[in-house]
Amino acid sequence: MRTFISIELPPEIKQGIARVQEQLRSAGANAGWTRSEGIHLTLKFLGEVEESKTREIMQTLAGATQGIGKLNLEVAGAGAFPTGKNPRVLWLGVTGDVEKLGLLQGAVEDAMVTLGFEREERKFSPHLTLARIKFPKPRDNWQQMIENIRDVKLGGFEANRVSLMKSELKREGAVYTEVGRVELKKQESGDRSQKSGEGQQE
């Protein structure tokens, strides 16, 4: 199964993302849009994984995240990769406890490397992908679209768990299911909480 590790977003944030996407669509953006209900804050992409390896991944993930605690994050700001003048990916930014988020992502990365997964060489840059540009229009059009949402704020949320997700490609698009989760808790007398198991199919 195709898997990745992420922080899931609350429904109200996803609704805000959908509104931003609609704003860009109405401006005539020709892009491949990420379904708002399927947008995640990805910490580590694992790729194809045997289902039998799930338990080991969850156990290792629990150890890596132990003691980090909850994060207060906010979805705010927007931009494009590689640049606004040459947009190929439109994204929303993540602010708040980003230093702590970086420590969490680094711990997850290191832990997954011990299981044989390749290390991501690119520096972690927390963001949420809105769309991938297929056929860029004249620069001025794209610069204006990006400028219109550059200071957008969709609100904050508490990240209290890390999820192991699987994705299945179906006719209507990718369907994401939570395979297991690890609660983010401050270390208290060696206690940690982990919930692992099959998520409900959509």
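The buried residues of helix H3 (buried meaning under 20% relative accessible area with a 1.4 Å probe, protein chains only) pack against strand E1 (2-7), strand E3 (41-48), helix H2 (54-65), strand E4 (71-82), strand E5 (87-96) and strand E8 (161-170), where contact means heavy atoms within 4.5 Å. This is a predicted model, in which local features need pLDDT of at least 70 and side-chain atom pairs count only at pLDDT 80 or more, while totals for chains, interfaces and linings use all residues. Residues are numbered from 1 along each chain as its sequence is written, and side-chain values use heavy atoms, with hydrogens and water left out.

Helices (H or I, at least four residues) and strands (E, at least two) are DSSP runs numbered from the N terminus. The buried positions of H3 are Leu101, Leu104, Gln105, Val108, Glu109, Ala111 and Met112. Seen down the helix axis, these buried residues fall within an arc of 165 degrees, so they line one face of H3, the arc being that of the directions from the axis to the C-beta atoms. On the other side of H3, Glu99, Leu103 and Thr114 are exposed, that is, over 50%.

Turning to the sheet, five strands form an open arrangement in the order E2-E6-E5-E4-E7 with antiparallel pairing, where two strands pair if DSSP finds at least two bridges between them. Strand E2 (31-33) and strand E7 (153-159) each have a single partner strand, so one side of each is left without a neighbour in the sheet. Five bridges join E5 to the antiparallel strand E6 (residues 127-133), and Thr129 in E6 is the bridge partner of Trp91.
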